[in-house]
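This report goes through a protein model with two questions in mind: how its chains meet, and how its side chains pair and pack. Please keep the sequence and the model open while reading.

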Protein chains: 2
Amino acid sequence: MNLKIDQERLISEIEALSKFSDAEAPAVTRIVFTPTDLKARDWMKSLCRDAGLAIRKDAIGNTFARWIGSDPLAPAVGTGSHIDAIPNAGKFDGVVGVLGGLEAIRALQRAGFRPRHSIELLVFTAEEPTRFGVGCLGSRLLSGTLSADAAAKLIDKDGQPVEEVRRKAGFSGDLREVKLPAGYYKAFVELHIEQGPVLERERQPLGIVEQIAAPASLYVTVEGSGGHAGGVLMRDRRDALCAAAELILALEHAARSTGAIDTVATVGICDVFPGAINSIPARVRLGIDVRDTSLARRDRVIADLEDACRKTTAQRQVSIRSELLNADAPAESGPEIVATLRQACEKHGLRFLPMTSRAYHDSLFMSRIAPMAMLFIPCRNGYSHRPDEYASPEDIARGTLVLAETLAMLSE
Amino acid sequence: MNLKIDQERLISEIEALSKFSDAEAPAVTRIVFTPTDLKARDWMKSLCRDAGLAIRKDAIGNTFARWIGSDPLAPAVGTGSHIDAIPNAGKFDGVVGVLGGLEAIRALQRAGFRPRHSIELLVFTAEEPTRFGVGCLGSRLLSGTLSADAAAKLIDKDGQPVEEVRRKAGFSGDLREVKLPAGYYKAFVELHIEQGPVLERERQPLGIVEQIAAPASLYVTVEGSGGHAGGVLMRDRRDALCAAAELILALEHAARSTGAIDTVATVGICDVFPGAINSIPARVRLGIDVRDTSLARRDRVIADLEDACRKTTAQRQVSIRSELLNADAPAESGPEIVATLRQACEKHGLRFLPMTSRAYHDSLFMSRIAPMAMLFIPCRNGYSHRPDEYASPEDIARGTLVLAETLAMLSE
């Protein structure tokens, strides 16, 4: 089989997709179910149609584009990722796995390959937690990790529930039917940029992910007492932002103190109410993300944060409540998929690094219903979720080649 | 002279004005030059017209409602305050001085008093810094504390300059002509809620302000390095929010360490960019307010903050820049106005407390062009700039009575 990636076309498609954005280039903002996201989906579907794929969508908007195999009833081999992007993000996160997955299929078609198992490209809805606070909404539902009832009730910043937003965006049907039946997929493989510095540092072109770290996210809300910035004496204050500042630093300290490089914790959101320069903050909401490859270590960081909340509550006479949005278990890759990825690399004479993904992905949830593995390519300086996120055309093409080879082996 | 305050009418007018709001009652939000603010101004002007006052407005929208005295060319006696309100504020801040000022004039009219000096009610534009970052925009311009050029260039959150916003709101003319000529006012007296707990604690119905604390406000912007909350190791981070948290706590510590009760410092704004739960903060902007009755102490707090910025810059490899928005000198009340206020209290058998205003007011700037003093009434728990701000009808009426008496004495 003469497998050739059309690098030029793939890169130009990545560029084209980046134009569907609500931020000024080079930044990309593409929030799920916005007009911009819907336009990008339509464009994506037209590319899939051009490749002769059969398209269906489910009630949450996950898109399935299938190259039907010679045994159409056999479980499919899945690949894919997401195209939604957080505010002020880059061009490659998720997109490489979607457009790379499509190009892998086209390369197999051009090479005259004929799969026995169908090969299905997935575009997951809302991998990013931006709009509804929970990441991987689409794959959580597909895998049954999140119930349809719980999903329908999630609300966005404007208080609109998922149920309403998805219907307005044109996705009808019953959310309970999103969950895939057992044995739907034979395997799932996701190509993705690393979103970290390891491959670049180790000068390796490819990473084969053997486990995905366990993410947890929570909101912590501090209620203090507001008032006029001039009128209230320091000793009479219960300033919610000063209390929140202690929690921010306590969380950072906890994550740095586990002794493991894989522990990370981030306060990415700090909303201050009322938020006026001459008004004492009455309420602060922190959006917190904690991850580790070890569930025990991750939960210790969260316990340390809770200790800090208790201490600050007592010392500052504020009230603090926390709301766990999600706390997922880590995932192990399927050994047979990892082995296939290794063989594919070796067949093309490409080096690779066995590794851990500290970022989480739809594959974390796909692992609940199918043997899964991920293939990483380097990204410059490890940057992701920012406008200067970058993966080289050569690295993208290499990843796509190994993905195509792997899909061929798995679908034979 | 039989001076009687129509308490019921005054309180119902305060209630009526609170309905001009962009927040849900009891909260009041009335940002300068919004449609809501413009409607409130029109309503206010109709009340002044009903009282037979001659109305003019200047290029920044300050409104002057004059009861012309028997010597129309003599310097006027000014009173008044503001009706703009920060997000999620209460009903009384500023409003008591405007509607109380109007009721004082009406009470003098009803009592058959005939002033020699004109009595002028002022409604200042943008006492609150919410929209343009600088407090007392109207009185700064009136008093020549801020130049017309500097004022025109101030921008709001959406990047619109004052010059454009005020024209869209219907205020034309040359900003340079806002500055009042020397000797325009014989005296200026402002009635206001205390916005602090002193009068309530000391069980005093009235406070006569002898000095106003010196406010300074600044923006401090921390630039760190963003990235994916899962992908970047703790040791590789330059998290702008963790750095900002150190500054928030350092400022609080500095204000608490001066040894003086009058030192207060507040971080009321903390804007995080990009502000996604799974994204490391790349940039944080803090809006900071520092006040003291002593200029030296206040500047020492700012110097301590700058030390903390230097330390954090070095330790966290972030960059921090600060921008001073305003740093005003404290004001002393005019001894003759203070004496008149005391006499007015004594005439009506009312106790009073000589005091300092830690909040600042348009009177701070009016003091640059006329002898000034302020009259405070208690507010419950010292709360202000919040929906549960409250002053009792009796306290409001008492303040209005003393104001009316004072205006009578000063205008004779």
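Is Arg386(A) buried or exposed? The model is a predicted one, and in it Arg386(A) has a relative accessible area of 13%, so the residue counts as buried. Its partner in a salt bridge is Asp388(A), with the closest N and O atoms 2.8 Å apart. Asp388(A) is partly exposed, at a relative accessible area of 31%.

## Salt bridges

Side chains of opposite charge can pair when their charged atoms come close. Over all chains, the structure holds 62 salt bridges. Four of the pairs are listed here.

| Pair | Closest N to O distance |
|---|---|
| Asp388(A) and Arg386(A) | 2.8 Å |
| Asp236(A) and Arg201(B) | 2.9 Å |
| Asp174(B) and Arg176(B) | 3.0 Å |
| Glu223(B) and Arg321(B) | 3.8 Å |

The two residues of the Asp174(B) and Arg176(B) bridge can be taken in turn. Asp174(B) is partly exposed, with 28% relative accessibility, whereas Arg176(B) is exposed, with 62%.

The bridge between Glu223(B) and Arg321(B) has an N to O distance of 3.8 Å. Glu223(B) belongs to strand S9 (residues 214–223) of chain B and Arg321(B) to strand S14 (residues 319–327) of chain B, so this pair ties together parts that are 98 residues apart in sequence. Glu223(B) is partly exposed at 27% relative accessibility, and Arg321(B) is exposed at 51%.

In chain A, salt bridges also form a network, which links Arg9(A), Glu13(A), Glu103(A), Arg106(A) and Arg110(A).

## The interface of chain A and chain B

The size of an interface is often given as the accessible area lost when the parts come together. Between chain A and chain B about 5400 Å² is buried, and carbon and sulfur atoms give 60% of that area. Which residues of chain A lose the most area to chain B? They are His228(A), Met234(A) and Ile277(A), which together account for 15% of what the chain A side buries. In terms of contacts, 64 residues of chain A touch 65 residues of chain B.

Between the two chains there are 4 salt bridges. The bridge from Asp236(A) to Arg201(B) joins chain A to chain B, with the closest N and O atoms 2.9 Å apart. The interface also has 20 residue pairs in polar contact, both residues being at pLDDT 80 or more.

On the chain A side, the elements that give two or more residues are strand S5 (85–89), strand S9 (214–223), strand S10 (227–228), helix H8 (240–256), strand S11 (264–273), strand S12 (279–280) and strand S13 (283–292). By class, this side has 32 nonpolar, 19 polar and 13 charged residues.

## Buried side chains

In soluble globular proteins, nonpolar side chains tend to be buried together. The largest nonpolar core here has 65 residues. Its members that touch the most other members are Cys270(A), Leu286(A), Ile288(A), Cys270(B), Leu286(B) and Ile288(B). Not counting residues up to four places away in sequence, Leu286(B) touches Leu218(B), Tyr219(B), Val220(B), Ala244(B), Leu247(B), Ile248(B), Val267(B), Ile269(B) and Cys270(B). Another core lies apart from the largest one and has 57 residues, including Leu17(A), Met44(A), Leu53(A) and Val338(A).

Thr63(B) is also buried, at 11% relative accessibility. This residue lies in strand S3 (residues 63–67) of chain B. Beyond its neighbours within four places in sequence, Thr63(B) is in contact with Arg41(B), Lys45(B), Ile55(B), Arg56(B), Lys57(B), Leu121(B), Leu122(B) and Val123(B).

## Backbone details in loops

Where do the cis peptide bonds ending in Pro26(B) and Pro274(B) lie? Pro26(B) is in the loop between helix H1 (7–18) and strand S1 (28–30) of chain B, and the bond to it from Ala25(B) has omega near 5°. Pro274(B) is in the loop between strand S11 (264–273) and strand S12 (279–280) of chain B, and its cis bond with Phe273(B) has omega of about 5°.

In chain A, Ala126(A) has a positive phi of about 55° although it is not a glycine. Ala126(A) is located in the loop between strand S6 (119–124) and helix H4 (137–142), and is buried at 2% relative accessibility. Arg203(A), also not a glycine, has a positive phi near 50°. Arg203(A) sits in the loop between helix H7 (198–202) and strand S8 (207–212) of chain A, and is exposed at 70% relative accessibility.

Terms used: Residues numbered from 1 in each chain as written. Chains lettered and ligands numbered in written order. Heavy atoms only, no water. Contact = heavy atoms within 4.5 Å. Buried area = accessible area lost by both parts, 1.4 Å probe. Salt bridge = Lys/Arg side-chain N within 4 Å of Asp/Glu carboxyl O. Polar contact = N/O pair within 3.5 Å; in protein donor to acceptor, adjacent residues only side chain to side chain. Helix = DSSP H or I, 4+ residues; strand = E, 2+ residues; numbered from the N terminus. Nonpolar A, V, L, I, M, F, W, Y, C, P; charged D, E, K, R; others polar. Core = buried A, V, L, I, M, F, W, Y, C linked by side-chain atoms within 4.5 Å. Buried < 20%, exposed > 50% of the residue type's maximum accessible area, 1.4 Å probe, protein only.
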